[in-house]
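I am opening a notebook page on a structure that is new to me. I want to look up one helix first and then the charged side-chain pairs.

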Amino acid sequence: MRHQSVNWYLLILSISDCIILIGAFFVLTLPRLGEILQFWQAIAISYYTTPQMYAFMTLAQTISVWMTAAMSIHRFIGVCMPFKASTILSKKNVKRLIFCVIMASILFNTTRFFEVSISGVCYMMPIGVELPVLAPTALRMNPLYHKIFYAWAYTIIMFIIPFTILIVVNSRVIVAIHKSRQVHAKLNVCDDAARKQELAKEISTSIMLVAIVLAFLTCNTLAFVVNIMEKLELHDLYIMFVPWSNLLVTCNASINICIYCMFSDKYRQLLCYYLQFLKCRRKEDSFQMISTFDFPSKF
């Protein structure tokens, strides 16, 4: 599967999702677990790692957003421009696009590593433990930086441009899928099994990628709304919806594996084999059978 270019997007997307989940655990979950279990050292670990984890979370989120957009453009070209796809979507061009997305995301989020710092250590009387104190840096509090980066650059690069691309491109892909289904229905009358199987794989792959995009848009729309609330200084609503926004972003980082399992038989079989969810009578033969399957060209 690693030889198919579309799977490269899914690989980077999965890695970025894992980084988001790991960062969310250290920044959001670990402090609450420490409070519930009264394991104060866990809170200290969370606070010490927050400046780095926060930066890596935002970096991974940027990669996730633009990798989803790049994957949608890739599929749009493959579905709506089939005669030019082999030239435009060469492996070299795909590698260049993925590299550019990753490097641009790193450059865009470089300042994130300097927005939060540990200003000192405070002794907490009620629990008798010393905990680090997190504080925004001078860069984060700079009005000019806040206006340029958050009010304009972040809103445009993280929401307006990618959301527009995703909505427009995937609307075209959905229309193309509908037409392909009509063609597939006509082919059912004929006895062209190979062609019908190939078309069915293409439709299934397109539906899977559209489902990933729809899940992304559903889970990140509230983050866009929260960003607007912050710009309009609606502090009460902002504070109310930020936890739900974080929850949805975390859910989006967790849900793609479910989509893969829903739309890819090969993925389900490999997942069951590697995690040993199913007991096969002869595991070696089972793996040999799976590894020799003719995987669809796009997944």
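**Entry 1: the end of helix α1**

I began just past the helix, where α1 is followed by Q38, a residue whose phi is positive, near 55°. I note here that I am working with a predicted model.

Going back along the chain, I looked up the extent of α1 and found that it runs over residues 5-37, which makes 33 residues. From its first C-alpha to its last the helix reaches 46 Å, and I wrote down that this is close to the 48 Å expected at 1.5 Å a residue.

Where does α1 bend? I found a bend of about 45° at T29, with a proline, P31, following within four residues.

**Entry 2: a salt bridge inside α1**

I then asked how many salt bridges the structure holds, and the count came to three.

One of them joins the side chains of R32 and E35, with 3.1 Å from N to O. Both residues lie in helix α1, three residues apart, which is about one turn of the helix. I reminded myself that an α-helix has 3.6 residues a turn, so residues three or four places apart point the same way.

Are the two partners buried or exposed? I read a relative accessible area of 40% for R32, which is partly exposed, and 41% for E35, which is also partly exposed.

**Entry 3: a linked network**

Next I looked up R112, E115 and R140, which are linked in a network of salt bridges. The side chains of R112 and E115 meet at 3.9 Å, N to O, while those of E115 and R140 meet at 3.0 Å, again N to O.

What does the second pair tie together? E115 lies in the loop between α4 (91-108) and β1 (116-124), whereas R140 lies in helix α5 (residues 138-141), so the pair ties together parts that are 25 residues apart in sequence.

I finished with the accessibility of the three residues, keeping in mind that buried means under 20% relative accessible area. E115 has a relative accessible area of 0% and is therefore buried, and R112, at 3%, counts as buried as well. R140, with a relative accessible area of 23%, is partly exposed.

Notes. Residues numbered from 1 in each chain as written. Predicted model: local features only at pLDDT ≥ 70, side-chain atom pairs only at ≥ 80, totals over all residues. Heavy atoms only, no water. Helix = DSSP H or I, 4+ residues; strand = E, 2+ residues; numbered from the N terminus. Expected span 1.5 Å × (residues − 1). Bend = angle between axes of the 7 residues up to and from the residue. Salt bridge = Lys/Arg side-chain N within 4 Å of Asp/Glu carboxyl O. Buried < 20%, exposed > 50% of the residue type's maximum accessible area, 1.4 Å probe, protein only.
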